[in-house]
Amino acid sequence: LPSYYSKFGGLIFSAALDKYMYIAVNRPIVDDLVRVKYSASETVAQTSKLQHELARTVLQHLGFPNAIEIISMADIPAGTGLGSSSCYVVGLLTALYALKRDYRSVKEIAETACHLEINILGKPIGKQDQYVAAYGGLPILEIAPDGLVRVKQARVDTSVLDELNRNTLVFYTGTSRQADAILSEQDASVQKNVKEVTESLHRIKELGYEIIEAIEGGNIDRFGLLMDEHWEVKKTLSSQIANSHHHHLYKVAKENGALGGKITGAGGGGFFVFYTNNRHRQLRRAMLAEGLRELRYRFDMEGSKILVNFADGRTRHDRMEKEAEIRSHDLGISGTC
């Protein structure tokens with residue numbers, strides 16, 4: 001959170017998964033209306049009239065007052081702690097910059113997404129989701145007190161990465177939540193210098209560096225044990241992070257092979273992540289018996305990307321034709337090549 005890193009500097013070590021927010025953008029031909037389709041569908045005359053605050057804010061920032069259509073769908077529902085809101089903003093920025101043929105760096109897209117969500121919309125969030133969505137991989141983010149983010153990818157051997165993927169299991173708790181209330185409580189505690197919360201955040205940052213050292217060194221079982229300590233510290237940040245059912249699930253997981261785990265994101269629901277070194281089947285059966293569904297995944301190493309760009313394809317074709325015409329004139333050849 002800015003309230004923490006502006007005083008002490010921040011650290012995030014995270015991973016991008018191969019679960020995506022898909023966004024398509026188009027300029028309408030027959031009218032100048034704004035159409036945004038997601039779990040609902042909006043058609044308005046002006047961008048300012050949109051109820052979808054993320055789409056509205058991005059469109060206004062990039063200067064699209066009207067005449068735009070956006071369609072989105074996601075592998076993961078909102079409110080589950082896997083950063084879907086920031087994925088939407090990063091993906092939409094990537095798509096609209098491509099539509100404008102105004103290509104920006106990955107860092108600029110990530111930072112613009114942070115600015116829109118944190119400064120313009122006033123969301124009580126940090127910078128991790130935007131940067132992970134933009135960069136992909138296993139990025140280490142070190143945030144200076146002035147907000148400057150230094151990004152580097154963790155140095156992890158392929159064999160270690162595969163083992164980390166195999167041993168780290170993700171399960172849906174069956175509930176979603178709004179993170180704003182949980183994060184606002186933490187934010188207020190840091191601003192008020194509540195000692196317990198600030199010291200817990202200090203320890204979480206220390207654990208982050210220890211986890212990086214463990215994974216880069218190939219000692220991923222230690223990562224599981226550090227996750228257990230992290231969870232115990234994380235729970236002290238807010239009473240809303242875990243309820244009695246979540247505590248029960250964690251206890252069952254530990255009894256069935258998990259070395260450690262945590263609820264993703266702010267907590268309160270969404271996905272549980274557990275690490276186990278040799279009891280995968282037992283842990284899966286135990287979580288299935290508790291009614292949890294497993295999210296099978298691989299790590300995504302690319303980050304936000306354009307899957308297809310028809311407009312740019314036409315542009316390349318036009319340019320190639322023009323270059324061919326110029327070459328033919330240079331050669332003194334009549335007609336086209």
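Here are three short exercises on a predicted model, each with a worked solution.

Local features here need pLDDT of at least 70, side-chain atom pairs count only at pLDDT 80 or more, and totals for chains, interfaces and linings use all residues. Numbering starts from 1 along each chain as its sequence is written, and side-chain values use heavy atoms, leaving out hydrogens and water.

**Exercise 1.** Find which element gives the largest share of the largest nonpolar core.

*Solution.* Start with the term: such a core is a set of buried Ala, Val, Leu, Ile, Met, Phe, Trp, Tyr and Cys residues joined through side-chain atoms within 4.5 Å. Buried means under 20% relative accessible area (1.4 Å probe, protein chains only). This core has 35 residues, and Val58, Leu59 and Tyr88 are among those touching the most other members. Elements giving two or more residues include α2 (53–62), β5 (68–74) and α3 (84–99); helices are DSSP runs (H or I, at least four residues) and strands likewise (E, at least two), numbered from the N terminus. The winner is α3, with seven residues.

**Exercise 2.** Work out what Leu93 touches beyond its sequence neighbours.

*Solution.* Contact means heavy atoms within 4.5 Å. Skip residues up to four places away in sequence, and you're left with Val58, Leu62, Ile109, Thr112, Ala113 and Leu116.

**Exercise 3.** Decide whether Ser86 is buried or exposed, and list its contacts.

*Solution.* First, place Ser86: it sits in helix α3. Next, check its relative accessible area, which is 3%, so Ser86 is buried. Finally, leaving out residues up to four places away in sequence, Ser86 touches Glu117, Asp129 and Gln130.

Note on methods. Buried means under 20% relative accessible area, exposed over 50%, partly exposed in between (1.4 Å probe, protein chains only).
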